[in-house]
Amino acid sequence: MRNSAGFTPEQAERYRREAAEQWVRSSEQKLRKLSKAEWEAVGAEGEAINRALAPLVSTSTPGGPEVQALVARHHAWIERFFEAPASTCAQPAVTSPAPYTGGSPPA
């Protein structure tokens with residue numbers, strides 16, 4: 001049986017594995033080039049972005065300028081680890097996410 005992209009389960013698994021390995025290699029290469037101070041700055045930036053975004057989850061509109069500015073900042077931060085073109089990261093805004101009920105995340 002093929003999935004919605006036309007791949008068999010075996011093909012899909014192989015492509016997932018290859019992509020993950022490529023991203024890990026790319027990320028490791030980038031991170032190994034960072035000095036200790038740069039690594040600490042990257043960590044601090046990630047924490048700052050999360051602290052700024054957290055209160056907006058329940059008080060702001062996903063498409064609002066403050067949220068979108070932080071999303072852009074987060075995207076730039078992610079690209080410190082691996083290439084993530086904005087066009088491939090863009091997802092429709094979710095205005096009312098389903099509450100987490102435990103267990104595995106949805107596929």
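**Working chat: four helices and two ring pairs**

Mentor: There are four helices and zero strands in this protein, and what we have in front of us is a predicted model.

Trainee: What pattern does the protein follow along the sequence?

Mentor: Read from start to end, the pattern is α-α-α-α.

Trainee: And what is the mean pLDDT of the protein?

Mentor: The mean pLDDT is 78, and 78% of the residues reach 70 or more. Among the elements, helix 2, which covers residues 36-53, has the highest mean at 93, whereas helix 4, covering residues 86-89, has the lowest at 65. Over residues 92-107 the pLDDT is below 50, and this stretch has three contacts in the model beyond near neighbours in sequence.

Trainee: Back to helix 2, then: how many residues does it have, and how far does it reach?

Mentor: Helix 2 has 18 residues and reaches 26 Å from its first C-alpha to its last, which is close to the 26 Å expected at 1.5 Å a residue.

Trainee: Which residues in helix 2 are buried?

Mentor: Val 42, Gly 46 and Ile 49 are buried in helix 2. They cover an arc of only 65° around the axis, so they lie on the same side of helix 2.

Trainee: What covers those buried residues of helix 2, and which exposed residues are on the face turned away?

Mentor: The cover includes helix 3, residues 65-78, while the face turned away from the buried side carries the exposed residues Lys 36, Ala 37 and Arg 51.

Trainee: New topic: how many aromatic pairs does the structure hold?

Mentor: The structure holds two aromatic pairs. In one of them, the rings of Phe 7 and Tyr 15 have their centres 4.9 Å apart and their planes at 70°, and because planes over 60 degrees apart count as edge-to-face, that is what this pair is called.

Trainee: Are Phe 7 and Tyr 15 buried or partly exposed?

Mentor: Phe 7 counts as partly exposed, at 31% relative accessibility, and Tyr 15 is partly exposed too, with a relative accessible area of 32%.

Trainee: What about the rings of Trp 77 and Phe 81?

Mentor: Their centres are 4.9 Å apart and their planes are at 75°, so the pair of Trp 77 and Phe 81 is edge-to-face. Phe 81 counts as buried, because its relative accessibility is 15% and the cut-off for buried is under 20%.

Trainee: Last one, for the whole protein: what share of the residues is buried?

Mentor: Buried residues make up 14% of the 107 residues, and the protein exposes about 8,600 Å², of which carbon and sulfur atoms supply 58%.

Technical notes
Residues are numbered from 1 along each chain as its sequence is written. This is a predicted model: local features need pLDDT of at least 70, side-chain atom pairs count only at pLDDT 80 or more; totals for chains, interfaces and linings use all residues. Side-chain values use heavy atoms; hydrogens and water are left out. pLDDT is the predictor's confidence in each residue, from 0 to 100. Contact means heavy atoms within 4.5 Å. Rings of Phe, Tyr and Trp (its six-membered ring) pair if their centres lie within 6.5 Å; planes under 30 degrees apart count as stacked, over 60 as edge-to-face and the rest as tilted. Buried means under 20% relative accessible area, exposed over 50%, partly exposed in between (1.4 Å probe, protein chains only). Accessible areas come from the Shrake-Rupley method with a 1.4 Å probe; for residues, only the protein chains shown count as cover. The expected span of a helix is 1.5 Å times one less than its number of residues. The arc is that of the directions from the helix axis to the C-beta atoms.
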